[in-house]
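Have a look at the fold below. Let's walk through it together, from the overall layout down to a few side chains.

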Amino acid sequence: MAYFRYFCRIEAASMDQHHLKERKPVNIFVQGPVAAGFISDSIQRHSSKTNIGAHSIFLGQVRADVIEGKKVAAIEYTAHETLALKMMHEIRESAFAAWPLTCLHVYHSLGIVAAGEISLFVFASSPHRKAATEACHEIVERIKAELPVWGQEIFEDKTRQWKENKV
């Protein structure tokens, strides 16, 4: 798929210290669900990165909740894209500053995502598991709390309501 972007550290062959690729704000948004094949391809692409010892992955999936007797069939995601991308860049930069991450990838759906499909994919890599898992957890929490992304639940009867994020 065309939306794979790397946010990875690189090692200089002649130096012991890590150097960072220049990281600019990039589009994290994909139309519709994040495809399972894309997720598995993302993992496979990292098999050649032998300085990575751990990956932590979060997959946010649309639930078929029943609310007041009505079943959620899908969620339609919208965002203030310009502001969300700026804020995501800040979140990503703070993660690279706080943990020794090798790579960090984030993808969030826009548009309609059916129950059972993936709407958020966070993939953090590091030489060691603690950094990868802590960073992944913190990034997901910050995305949910800070990014101007909204979801409107679409029920089986085609009625809608704005989704409330829960902890």
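We'll start with the whole chain, then turn to one helix and finish on the surface.

Keep in mind that this is a predicted model. The chain holds 3 helices and 10 strands, and along the sequence they run β-β-β-α-β-β-β-α-β-β-α-β-β. Of the 167 residues, 42% are buried. Contacts reach far along the sequence, too: among those between residues at least 6 apart, 76% join residues at least 24 apart. As for the outside, the accessible surface is about 9,300 Å², and carbon and sulfur atoms account for 52% of that.

Now pick out helix α3, residues 129–146. With 18 residues at 1.5 Å each, α3 should span 26 Å, and its end C-alpha atoms sit 25 Å apart, so the two agree. Which residues of α3 are buried? They are A131, A132, A135, C136, I139, V140 and I143. These cover an arc of only 150 degrees around the axis, which means they lie on the same side of α3. The spacing makes sense, because an α-helix has 3.6 residues a turn and residues three or four places apart point the same way. Swing round to the other side of α3 and you find K130, H137 and A145 exposed. And what covers the buried residues of α3? The cover includes β4 (54–61), α2 (81–98), β7 (103–114) and β8 (118–126).

Strand β4 also takes us to the surface, since I57 is in that strand and is partly exposed, with a relative accessible area of 34%. Together with I43 and L59, I57 forms a nonpolar surface patch with about 220 Å² of accessible area.

Technical notes:
Residues numbered from 1 in each chain as written. Predicted model: local features only at pLDDT ≥ 70, side-chain atom pairs only at ≥ 80, totals over all residues. Heavy atoms only, no water. Helix = DSSP H or I, 4+ residues; strand = E, 2+ residues; numbered from the N terminus. Expected span 1.5 Å × (residues − 1). Buried < 20%, exposed > 50% of the residue type's maximum accessible area, 1.4 Å probe, protein only. Arc of directions from axis to C-beta. Contact = heavy atoms within 4.5 Å. Patch = residues over 30% accessible without salt bridge, like charges linked within 9 Å, V, L, I, M, F, W, Y side chains within 5 Å. Areas by Shrake-Rupley, 256 points an atom, 1.4 Å probe, with all protein chains shown as cover. Salt bridge = Lys/Arg side-chain N within 4 Å of Asp/Glu carboxyl O.
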